[in-house]
Every structure is written in C-alpha cells, then in structure tokens.
Amino acid sequence: MFISISTTGTAERPATDLGFLLHKHPAKVQRFSTAHGVAHVFYPEATDTACTAALLLEVDPLALVRQGRGKGRGGSPDLALAQYVNDRPYAASSLLAVALRTVYRSAMKGVCEQRPGLAEQPLPLRIELPAVPVGGAEGGATAMVGRLFEPLGWSVDAVAVPLDTAFPAWGDSRYAKVSLTGTLRLADALQQLYVLLPVLDGAKHYWVAPDEVDKLLAAGQGWLADHPELDLITRRYLSRRWSLTRLAMERLALARLAESDDREAEELDNAVDDVPETETETETASAVETVQAVESVQAETATAAAEKPQPLAVQRREAILAALAETGAARVLDLGCGQGELVGALLKDARVTEVLGLDVSSRALSAAARKLRLDRMSERQASRVRLVQGALTYTDARLKGYDAAVLSEVIEHLDLPRLPALEFAVFGSARPTAVVVTTPNVEYNVRWETLPAGHVRHSDHRFEWTRAEFTGWAEQVAGKYGYTVTVRPVGPHDAEVGAPTQLALFRLDIPASEGSATR
C-alpha cells in the first residue's frame, strides 16, 4: 500500500520544507510499527525545487486475522471471503488512513514548532495513490473520486485499473489510480484523506463505535459541513450505521446553528438533561407510567371531592389546544417543541393532520422521538409528525404554509435584542394564519413561595414580562405584521397579580377580496 505527497518550491521557499511539516527528515528512511504491519517513510526526491515524501505500508494479513476483523458488520468484503488472500496489503483503504494518522499525527494537527507559521501556508501539492478501492460507487469508480475531492479544490485525475491488461474484454476493476493536484494546507489535505479513503472503499477494518463520530467531525472541521456529498460521506465513513449517521448529522447541524448564532454548541443544546438510551429503560419507564396512570384513575375516583388542581403545564397545554381549536388549524407548527409534550397532545386530535416540531436542541428532539415512540408508530400516524432542528431567529422555508404556529414558553429564553429576529422569522417569513404565544407573568412570581424575590422562574429565562408589557409587545407585533391579537390569562387567577401564564392568540388579517376568493 503506497501513497506519495509531492510539492514544489524555490530557493527562498524550498520544497524540502515538506520535511518540517511532516516531521520526517528527507535524508532518512524511517520505520514505524502499526497494529497491522510496518510503515516506511522515505523521500524519492528532495531538492529546493521538488520534494516527494512516500509512505509504504506493509500490511500483514495474519495480523488482520489476529485482530478478529473481516467478519460481520463493518468488515471488508474481501476479508469476509478470504482471510489470508485479499487486497488489503495493496489497496488504499482504512488501513492507510489509520497509518497516516499514526505516522503523520503532528502534521495532521497543523503543528510545526521548528518553522512557526509554515503549517498555515497553502502549498502546491500532488498526491499519488496507485490503487484506490471504490466499492458500490454510482457512475463508476472514477466518478466517485471526483465527487468527493473536486468540491474541496482538488484537480482529480482518476483512471480505472483494468481487471487484467491481457484480457481487455474483462473490463475495469473496482480500483482506480488517483492523482490529486491542488494548493492547500498540508494538514487539510491529510485530514481529507483520512476521512475520504475509507469512504471510497466503503468498509473499515475495525468495528465502528460511537467515538468514530468524534473522529469524523474533528477531521472534517472546516470542510465537511459544506460538502455537497455530506450525506454520502457520513453514511459510508460510519459504515452505514444509521444511528451514528443521524448523530453526526445532528451535531453538524447544531454546530452550524451555533456558528451562525455566535454561541457555543453546548450552550444551545441544553434544553434537556441526558436521558436513558436503551430500549429496556424506555420500556421500563413506559410500564411505570402505565401503573401510575391506573393508580391515578383509582385515586381520582376515590377522592374526587378532594382533587388537587391541575398542574400549570397541563392547564397551559389545554389552553393552547383550545386556542388552536378556535382557529380550526389542521397543520400546526410547535416551535421550540422541547421533549414533545404538545406534539403528542396534537397527534391525539383527529382534526390535526400534520405537526412539525422544531427545536434547536438535538437532545430535546431525540428525547421527543423516544417519548412519542416514533419508531413504533404506524405508517399512517408517523406521516402526521415531523421533528426537525432549527433556530427561530432565522427564516426557514420549512415553516411556511402552516395553519398555525405555537410558541409555548419560548420567547423568554431569547435575549431581548434577538427577539425582533424571531418576530420576523415567524410572523414575517413563515406567516401562519394563526400564532399562539405563551409566556410567564412575572407579577405572579410573588405567589411562588419557593421562588426568591427578584428571581425569574428558570435560570435560562432572559426576561419575564408583566401583563402590560406582554400586551404591549403583542399589539406591536400584530400591528407590524398584519395580525389581530387577543390576550388571555392561563391558570388560577389572582385578583391582585393576575394568572401565572399569559397567552396571546394572533390571527392573520386576510383582505376581503382574498378571503372571498378562497371560499
């Protein structure tokens, strides 16, 4: 298995600087032990004008067998068929990717202490790979190489290797001779090779565990999220393990949202605590909930006269459902859906034909999917619901065309300077026929005995409004975007401080001519 990296230079900027970047002296032949063989690094040429570093990996097929790979999920198809005679010693697969990371670890990190600043400079590079396996490629082996490398700025020369030059009629093999030419940082080139060589092969020589997601995102930083073949790369790099692929895509989406919002990803993905992942825990929780539900019914029957008031969360949800029923909405957005309590309630209403739940937190969406049991829903029921990740401070074409949108206990989690962005994204861009907004009434906080004076109800609340402040905001938004609005209390009413929650129901003003045309 062989790969060469070449560059050119001048007397002022000699090509032999490649040796400093790779941390391998051009005048030496060096030998490195790997888990599956021996790697040799040497320089076929090393002058001021041209320098080539070559890595030769001698793979021991017996070592592969001792490692226990080649069988089962994620194993190379070649090894599954023939443990001792296969293409692994010759083809540029995940074995070479691991060797690159082992031998050129510092270079991949962009570290060059002897020549500060050199690692940040783009170099004219040429990378030669005599045999690259391309498994299951649409459009042929050479087309796949171009789809992966050309969007990264490489000029690609890929030639299919014939099965046997003596018998042209046999056609081409699944291997390609690849030459990549481009000007970029050496660290970026090595990171791209580390990810894309296993992607081209479509198999790995080791079990793909959850930590592979971390490796993919680390090596793909700065280029993977914007790659047009992102889905293909993620799926094949993770050996088509759909759960890991979904996790990687969620983390990439969260990183994009955090970058656009100039915040840390962990700061955005804090909507829920960690929840059990295993099916057993979910089933146990479900069984406990069933028992509790039966006991609750029995208790209510026995002590109806002494029944406790409904929790505020339940009262708020019922008030939202009642407001939506007034509008006759069939297609509903739950913006900031959290763990999906409202989504679940909406799915129980036969009048609701479609629910889209959106949240910035991937953990909240995962918890919602588990709570709703999306994986166990009937096809008909599953077609009514969709959970997506997104930020409410940016316009989103996915949110257009709905009858109603709900913002339940959401606006108070935004910094006030960012609230106009949400207003435009919801009322100006998505523009549903009706919008329901709930938020705490800060005046009622004095009635909470456990809430210290001057504190908001949740540590993540950026503000909490009085009744007058909320009404003023609602009327201002309605007037600006062409809605009418009514504000009503939710929860037990106090003559002095009002109700604990306040709800605004916005209805879009539809011109008479437009309304008559739709009748």
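Here a visitor asks about a predicted model and a guide replies.

Visitor: What should I know about numbering and the predicted model?
Guide: Residues are numbered from 1 along each chain as its sequence is written, side-chain values use heavy atoms, and hydrogens and water are left out. This is a predicted model: local features need pLDDT of at least 70, side-chain atom pairs count only at pLDDT 80 or more, and totals for chains, interfaces and linings use all residues.

Visitor: How many helices and strands does the protein chain have?
Guide: Helices (H or I, at least four residues) and strands (E, at least two) are DSSP runs, numbered from the N terminus. The protein chain comes to 19 helices and 14 strands.

Visitor: What share of the residues of the protein chain is buried?
Guide: Buried means under 20% relative accessible area, exposed over 50%, partly exposed in between (1.4 Å probe, protein chains only). The protein chain has 519 residues, and the buried share is 46%.

Visitor: How many disulfides are found, and are cysteine 112 and cysteine 337 buried or exposed?
Guide: A disulfide is a pair of cysteine sulfur atoms within 2.5 Å. The search of the whole structure finds 0 disulfides. Cysteine 112 has a relative accessible area of 9%, so it is buried. Cysteine 337, at 5%, also counts as buried.

Visitor: Which residues of helix α4 are buried?
Guide: Helix α4 spans residues 94–103, and 7 of its 10 residues are buried, so the rest of the structure largely encloses it. The buried residues are Ser94, Leu95, Leu96, Ala97, Ala99, Leu100 and Val103.

Visitor: What does the salt bridge of arginine 174 and aspartate 201 tie together?
Guide: A salt bridge is a side-chain nitrogen of Lys or Arg within 4 Å of a carboxyl oxygen of Asp or Glu. By this rule the count comes to 19 salt bridges. In one of them, the side chains of arginine 174 and aspartate 201 meet at 3.7 Å, N to O. Arginine 174 lies in strand β7 and aspartate 201 in helix α7, so the pair ties together parts that are 27 residues apart in sequence.

Visitor: Which strands hold arginine 331 and glutamate 354?
Guide: The side chains of arginine 331 and glutamate 354 form a salt bridge of 2.8 Å, N to O. This pair links distant parts of the chain, 23 residues apart: arginine 331 is in strand β8 (residues 331–335) and glutamate 354 in strand β9 (residues 354–359).

Visitor: Which side chain makes a polar contact with the side chain of arginine 185?
Guide: Arginine 185 sits in the loop between β7 and α7 (186–201). A polar contact is a pair of N or O atoms within 3.5 Å; within protein, one must be able to donate a hydrogen and the other to accept it, and residues adjacent in sequence count only if both atoms are side-chain atoms. Glu120, Arg185 and Asp188 are linked in a network of salt bridges. The polar contact, at 3.2 Å, is with the side chain of glutamate 120.

Visitor: Is tryptophan 170 buried or exposed?
Guide: Tryptophan 170 is in the loop between β6 (155–162) and β7 (172–184). Its relative accessibility is 53%, so tryptophan 170 counts as exposed.

Visitor: Where is aspartate 396, and is it buried or exposed?
Guide: Aspartate 396 is found in the loop between β10 (385–389) and β11 (404–408). Its side chain makes a polar contact of 2.7 Å with the side chain of arginine 398. With a relative accessible area of 14%, aspartate 396 is buried.
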